[in-house]
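Visitor: I'm new to this structure and would love a close look at a single part. Could you walk me through it slowly?

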Amino acid sequence: MKEISKSKKLNNVAYDVRGPVLEAAMAMEAAGAKILKLNIGNPGAFQFEAPDCVVNEMSGTLTVSEGYSDSKGILDAREAIAAYDKLKGIEGVGVNDIYTGNGVSELIAMCMQGLLDCGDEILIPSPDYPLWTGAATLAGGTAVHYVCDEKSDWMPDIADIKQKITPKTKGIVVINPNNPTGTVYGKEVLEQIVELARAHDLIIFADEIYDRLLMDGLTHTSIAALAPDLFVVTLNGLSKSHLIAGYRCGWMSISGDKSQARSYIEGLNMLSSMRLCSNVPAQRAIKPALENIHAMDYLLQPGGRIYEQREAICGALDKIDGISYVRPKAAFYVFPKIDAKRFNIRNDEQFVLDFLREKQVLLVHGGGFHWSEPDHFRIVYLPEPSVLTESMQKLGDFLQTYIQK
Ligand code: PLP
């Protein structure tokens with residue numbers, strides 16, 4: 001039989017959150033090792049339980065969820081999303097401007113697929129949530145990474161964005177709150193991005209899946225609320241805020257000036273129809289979830305699991321020589337910096353692989369998030385505090401003697 005090769009479209013596509021290092025971890029597990037996986041933001045894997053209102057609604061409506069729905073989603077869900085958008089100050093979103101998806105992931109792929117032609121550029125943060133880069137590349141576009149500046153609490157570097165805009169730039173992706181840095185962008189920086197988008201006719205793609213997972217009394221501003229005159233695609237979902245990543249439930253809303261985007265909207269409608277509809281039982285979770293947006297707040301306050309886990313991971317990182325970090329304020333990720341010179345780290349993937357092999361703890365290297373220097377890695381702080389503290393003691397021990405060969 002002839003060799004079966006992957007499509008050339010995949011040649012420059014990577015998704016290292018589930019990449020080669022995970023494969024090594026799985027091989028170790030198959031050989032009997034016990035691996036602590038701090039690589040994926042999957043609350044269900046760490047004994048978090050979804051709120052009853054969501055689970056009950058979904059399980060109680062299974063028998064009426066057997067058929068396909070409208071390709072954009074059931075009306076109840078879209079009405080609830082429209083009301084949520086209004087609450088966030090995003091004006092003018094009607095039920096026809098909303099698309100439900102099998103997670104935000106499907107919609108990221110859809111909105112890139114519907115937009116980009118070969119040679120079109122899209123601005124994506126570095127570090128990024130890597131699906132954005134993968135989806136843009138697979139769609140035939142060119143991901144151009146703008147820097148988020150660690151020295152300014154990982155805020156987007158406006159000057160860097162400005163200098164990377166070309167006549168081919170079609171849009172800008174803003175991930176706020178951010179994965180992998182855990183940063184929350186304030187109004188000021190968002191307004192500067194809006195100004196650039198306005199001046200250069202850019203679509204804004206706002207990935208706001210963590211907007212209900214804020215700590216320290218912070219509040220979230222949707223960038224679409226600051227740009228009622230621009231075409232904005234806002235993406236959100238329940239995987240994280242309502243701890244149901246496995247149900248696959250997300251949505252996107254389009255807002256602002258739709259008059260110039262008729263053709264793009266036609267494309268989105270077609271792509272949405274081509275996959276028939278998103279998982280209908282999961283759509284049932286949207287209304288009760290958005291009527292209970294504070295259901296998970298207890299996790300984010302002192303005494304709550306996510307808050308205490310952040311304290312534990314930060315406290316443990318503080319004790320490791322050669323590591324620094326910006327304290328995360330949202331979600332459940334931290335993106336520490338490692339003194340690459342001191343440990344002779346030239347390949348960050350090799351570093352996480354070496355740590356995995358020696359201490360059975362799985363992290364993701366910064367390069368997996370399109371960070372260009374080999375000096376960062378991401379930790380998912382979803383396990384209980386004692387587990388996190390122990391895992392960081394292991395990292396400290398490992399670094400006592402580690403020099404990359
Ligand atoms: N966007 C961001 C920033 C994420 O971190 C994730 C998942 O980790 C997603 C989108 C995709 O989420 P889902 O497909 O589960 O809705």
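Visitor: How many bridges join strand S7 (residues 203-207) to strand S8 (residues 232-237), and in which relative direction do the two run?

Guide: Happy to help! This is a predicted model, where local features need pLDDT of at least 70 and side-chain atom pairs count only at pLDDT 80 or more, while totals for chains, interfaces and linings use all residues. Residues are numbered from 1 along each chain as its sequence is written, and side-chain values use heavy atoms, leaving out hydrogens and water.

S7 and S8 run parallel, joined by four bridges. Ala 206, for instance, has Thr 234 in S8 as its bridge partner. Helices (H or I, at least four residues) and strands (E, at least two) are DSSP runs, numbered from the N terminus, and two strands pair if DSSP finds at least two bridges between them.

Now step back to the whole sheet. Its eight strands form an open sheet with mixed pairing, in the order S2-S9-S8-S7-S6-S3-S4-S5. Strand S2 (98-101) and strand S5 (155-156) are at the edges with a single partner strand each, so one side of each has no neighbour in the sheet. Helix H5 (residues 131-138) packs on this sheet and touches S3, S4, S6, S7 and S8, where contact means heavy atoms within 4.5 Å. The direction of H5 makes about 160° with that of S3; axes are lines fitted to C-alpha atoms, for helices over the stretch in contact, and angles run from 0 to 180 degrees between N-to-C directions.

Finally, look towards the ligand: 13 residues surround it, and Asp 207 is one of the closest, with nearness meaning a heavy atom within 4 Å.
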